[in-house]
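Biologist: I'd like to learn how to read helix packing from a model. Please take me through one, feature by feature.

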Amino acid sequence: MSRDIFGPTQPNTGSTARDHLANERTYLAWHRTGISVAALGVAVAKFAPHRGDHAIAAGFILIGAGLLVSAYGTYRYRVISRQLESGVFAPATFAAVVTSSVVTLLALLAVLVLL
């Protein structure tokens with residue numbers, strides 16, 4: 001196993017490359033979703049001035065939700081990378097459901113704050 005600027009390289013046997021690339025695509029999807037939610041928060045805070053402090057509060061809630069999505073995606077990416085390298089895999093069940101539920105509740109809270 002050699003190293004390059006991105007870390008150790010591995011032999012591409014079986015589905016090694018395919019599995020790692022799928023993990024990277026999934027990570028990027030989590031990250032893209034987090035950035036989109038945070039951008040929505042900025043838009044709400046900036047472009048709903050008639051709501052005043054409520055718009056700012058809702059914007060911060062959405063920004064926090066976006067950061068939570070990105071943080072979970074980063075955590076999950078690292079966990080899956082380690083699992084793939086050791087030859088095991090445990091699907092996400094509880095953590096993904098909790099993260100999605102919390103983000104959904106935060107989005108609903110942001111809507112309620114704007115009303």
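Biologist: Let's begin with contacts, then. Which residues of H2 meet which residues of H3?

Modeller: Contact here means heavy atoms within 4.5 Å. From H2, the residues that meet H3 are His54, Ala55, Ala57, Ala58, Ile61, Leu62, Ala65, Leu68, Val69 and Tyr72. Facing them in H3 are Ala95, Ala96, Thr99, Val102, Val103, Leu106, Ala107, Leu109, Ala110, Val113 and Leu114. That contact divides into 19 nonpolar residues, two polar and no charged. For those classes, Ala, Val, Leu, Ile, Met, Phe, Trp, Tyr, Cys and Pro count as nonpolar, Asp, Glu, Lys and Arg as charged, and the others, Gly among them, as polar.

Biologist: Before I trust any of that, what am I looking at?

Modeller: A predicted model, where local features need pLDDT of at least 70, side-chain atom pairs count only at pLDDT 80 or more, and totals for chains, interfaces and linings use all residues. Residues are numbered from 1 along each chain as its sequence is written, and side-chain values use heavy atoms, with hydrogens and water left out.

Biologist: And where do the helix names come from?

Modeller: They are DSSP runs (H or I, at least four residues; strands are E, at least two), numbered from the N terminus. Here H1 is residues 16-47, H2 is residues 53-86 and H3 is residues 94-114.

Biologist: How do I read the way two helices pack?

Modeller: Two packed helices are described by the angle between their axes and the distance between the axes. The axes are lines fitted to C-alpha atoms, for helices over the stretch in contact, with angles from 0 to 180 degrees between N-to-C directions. For H2 and H3, the axes come within 8 Å and cross at roughly 170°. That makes the pair roughly antiparallel, a word used for angles over 145 degrees.

Biologist: What about H1 and H2: how do their axes cross?

Modeller: At roughly 170°, coming within 6 Å. So H1 and H2 are roughly antiparallel to each other too. The residues of this contact split into 20 nonpolar, 12 polar and three charged.

Biologist: How do I check that a helix has the length it should?

Modeller: Take 1.5 Å times one less than the number of residues. H2 has 34 residues and should span 50 Å; its end C-alpha atoms are 50 Å apart, so the two agree. H1, with 32 residues, should span 46 Å, and its ends are indeed 46 Å apart. Just after H2, Gly87 takes a positive phi of about 85°.

Biologist: Which residues of H1 are buried?

Modeller: Buried means under 20% relative accessible area, exposed over 50% and partly exposed in between (1.4 Å probe, protein chains only). In H1 the buried ones are His20, Asn23, Gly34, Val37, Ala38, Gly41 and Val44. Their cover includes H2 and H3.

Biologist: Is Tyr27 buried or partly exposed?

Modeller: Partly exposed, because its relative accessible area is 21%. Tyr27 lies in H1 and, leaving out residues up to four places away in sequence, touches Gly73, Thr74 and Tyr77. His31, another H1 residue, is partly exposed at 29%. The C-alpha atoms of His31 and Tyr72 are 8.9 Å apart, with their positions 41 residues apart in sequence.

Biologist: Now one from H3: what does Leu106 touch?

Modeller: Ile61 and Ala65, setting aside neighbours within four places in sequence. Leu106 is partly exposed, at 25% relative accessible area. From Leu106 to Leu62 is 44 residues along the chain and 6.9 Å in space, C-alpha to C-alpha.

Biologist: And Gln83?

Modeller: Gln83 sits in H2 and is buried, with 15% relative accessible area. Outside the four places on either side in sequence, Gln83 touches Val88, Phe89 and Ala90.

Biologist: Last one: how do I set database annotations beside the model?

Modeller: UniProt positions follow the numbering used here, feature names are shortened, and annotations may be inferred rather than shown by experiment. The unreviewed entry annotates "transmembrane region" at residues 55-75 and 87-114. In the model, residues 55-75 are 100% helix and 0% strand, with end C-alpha atoms 30 Å apart. Residues 87-114 are 75% helix and 0% strand, with ends 48 Å apart. The entry also places "domain: DUF202" at residues 18-82, a stretch that is 92% helix with its end C-alpha atoms 15 Å apart.

Terms used:
Parallel < 35°, antiparallel > 145°, perpendicular 65-115°, else oblique.
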